[in-house]
Amino acid sequence: MSYYSSHPTALLRMSPALIKSSCEGPSTLSNARVSHLSSRHVQYVHSKALSSDAVPSGKSAHYEGGRGRNMIDEITERRAKAGKLVAGIAAVSDSDMFKGPQTGKPKAKRWDNHLSQESRERKPCTLKQAAKFLKKPGLISLGGGLPSSQLFPIAELAMKVPKSPNFSEQATIESGQHISIGKYDVRDHDSEYDLSIALNYGQSTGSAQMMRFITEHTELVCRPPYADWRVCQTIGSTGALEQAIRMFCDKDRQDSILTEEFSFSTALETFAPLGINMFGVKIDEQGLIPEAMDELLSNWDVAARGGAGKPHVLYTVPSGQNPTGATQGTERRKAIYQVAQKHDIYIIEDEPYYFLQMQPYTGADQPSAPVPTSVDEFVSSLIPSLVSIDIDGRVMRMDSFSKVLIPGSRMGWVVASEQIIERYQRHAEVASQGPSGLSQVVLWKLLDDTWGHEGYFQWLINLREEYTHKRDKMLAACEEHLPQSLVSWTPPVAGMFMWLTVDHTQHPSGDATDLIKIEEDIFNSCIENGVLVARGSWFLTEKDKALQGLYFRVTFASASGEQMSEAIGRFGEAVKKSFGVN
Ligand SMILES: Cc1ncc(COP(=O)(O)O)c(C=O)c1O
């Protein structure tokens with residue numbers, strides 16, 4: 001069940017001597033000697049346990065509470081009992097090795113009919129599969145293409161990072177902690193991960209070390225209500241989405257995908273060249289409207305839709321949606337999930353802004369509501385993810401370190417059922433080969449070895465405070481500079497975007513049919529005035545439909561309070577000019 005030195009089913013053991021031998025010649029995957037039990041055996045032990053626990057699915061959506069601090073204690077105990085994690089070069093790992101008991105949970109449904117032909121036809125990567133022969137005691141591998149770590153030109157990486165809970169840039173400069181990662185820390189310093197492992201080839205699922213952290217984090221926050229969930233590390237959500245869409249959608253089947261009527265433009269640009277039909281669902285201040293989704297699906301007419309098949313996939317951004325900044329509340333998420341169950345829709349939830357849920361807006365010049373002080377309070381304050389109510393295993397949750405740590409890490413992960421993760425993994429084997437080892441080891445050192453789960457949550461609480469302040473500054477700027485008879489907005493509760501709605505009916509041209517022209521004029525004056533905003537039409541899901549309103553997206557993520565005030569003033573001037581008001 002576990003993946004630790006003290007456990008009889010430890011999968012891949014790497015003693016100092018073996019690390020040395022692994023440096024002396026390439027193997028198919030790793031010259032680290034595989035223990036007497038193969039990954040297959042470990043999975044067998046697990047799936048047996050799961051199948052005896054599992055009960056048939058078919059329950060309706062619900063959400064189980066109980067996340068937070070006491071679960072961190074449970075995880076700490078679990079790790080202590082298991083002993084040291086021993087996972088060498090290209091060690092195979094999966095979430096089952098690190099999850100707690102899943103007793104009483106149903107198993108996920110199967111999604112064979114949803115998978116594309118491309119995905120169904122994927123075979124395991126031959127060279128990665130050859131790793132199974134490495135378990136033979138005494139085997140000398142001449143079979144693979146791994147370079148020797150002796151030839152890696154990096155002996156040590158050093159970083160200075162915040163000491164929890166003093167996360168500010170200034171505090172880090174003044175009193176941050178110095179940490180370093182050496183090439184042979186496992187051999188020389190009793191570490192669980194080092195450069196000799198991380199900088200070599202790995203598995204497409206990512207390293208066992210980060211697999212453990214992310215699996216535990218998923219347990220702490222999401223707790224999927226079915227038994228056979230797993231995670232797979234990704235190269236960020238952009239790449240993960242491209243893979244996921246190719247897994248589920250097939251242009252030859254005339255597949256269609258549903259999303260919000262205004263959706264993340266990069267996602268739309270991913271779907272379009274794959275020949276996937278896209279349809280937008282009406283939205284309100286809480287994002288996608290479930291009744292509108294139900295109506296659209298219930299009345300689907302393939303002929304009237306130009307041959308486009310009834311959508312079987314929903315792509316949604318539930319928290320701080322890009323571009324509208326809307327956040328689905330708990331009841332809204334449950335209702336969307338139920339519509340998905342009714343129409344057998346597979347859901348891809350893209351949640352890069354999940355941990356940018358903010359404190360409620362208290363009004364201009366009012367003190368902000370205090371942020372949660374404990375991990376428990378913080379975790380319980382989060383709106384449950386769709387994967388947390390996913391009794392069927394019909395959700396793939398995409399998460400990313402981009403918005404909460406460093407986008408340049410190009411690291412994220414997906415959570416889904418075992419069947420779907422296995423297909424995802426097969427695809428990643430021949431695409432990215434998983435996330436960069438350099439990124440993984442740096443994030444592992446920070447998150448797992450230095451901060452731990454508790455410290456990472458403290459960091460996220462700190463981010464919540466930062467983003468609440470930023471959002472409040474943007475709102476104050478809007479209240480001060482925008483003509484509120486013309487421009488309206490809803491204070492966002494998550495993410496980094498605000499959606500400004502300009503009342504086009506008051507435009508002097510009286511020409512609501514040419515909204516694109518008015519939008520373009522305002523945009524061009526913004527640029528002339530020295531501010532860049534994003535045009536609503538850039539995010540329109542159905543590009544052939546006329547724009548029904550005038551919208552602009554602004555972000556409060558990076559500009560300072562003064563810059564925001566100046567920029568919103570410039571935007572306000574552009575709107576007033578277009579509408580001929582002072
Ligand atoms: C909704 C959404 N998904 C995904 C991404 C990109 O995430 P990543 O950096 O993990 O590729 C963004 C970034 O703007 C986004 O807004």
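**View 1. The residues around the ligand in this predicted model.** Zoom in on the ligand and you'll find G236, S237, T238, F264, V317, N322, D350, P352, S400, S402, P407 and G412 around it. Sorted by class, this shell has seven polar residues, four nonpolar ones and one that is charged. D350 is the charged one, with Asp counting as charged.

**View 2. The largest nonpolar core.** This one takes in 136 residues, and V313 and V414 have the most contacts inside it. Helix α16, spanning residues 437-481, chips in the largest share, with 15 residues. The core also draws on two domains: at least three of its residues come from domain 1 (60-122 + 147-466), and at least three from domain 2 (467-579). As background, nonpolar side chains in soluble globular proteins tend to be buried together.

**View 3. A closer look at V313.** Leave out residues up to four places away in sequence, and V313 still touches F248, C249, I257, I345, Y346 and I348. Back in the core as a whole, V313 shares the top spot for contacts with V414.

**View 4. An open sheet of four strands.** Reading across, the order goes β12-β13-β15-β14, and the pairing is antiparallel. The edges belong to β12 (487-488) and β14 (534-535); each has a single partner strand, so one side of each is left without a neighbour in the sheet.

**View 5. Where β14 meets β15.** Strand β15 covers residues 550-555 and runs antiparallel to β14, with two bridges joining the pair. Look for R535 here: it stands opposite F552 in β15.

Technical notes:
Residues are numbered from 1 along each chain as its sequence is written. This is a predicted model: local features need pLDDT of at least 70, side-chain atom pairs count only at pLDDT 80 or more; totals for chains, interfaces and linings use all residues. A residue is near a molecule or strand if its C-beta atom, placed from the backbone, lies within 6 Å of it. A nonpolar core is a set of buried Ala, Val, Leu, Ile, Met, Phe, Trp, Tyr and Cys residues joined through C-beta atoms within 7 Å. A residue is buried if 20 or more other C-beta atoms lie within 10 Å of its own, exposed if 12 or fewer, and partly exposed in between; C-beta atoms are placed from the backbone. Domain bounds come from an automatic or database domain assignment. Two residues are in contact if their C-beta atoms, placed from the backbone, lie within 7 Å. Two strands pair if DSSP finds at least two bridges between them.
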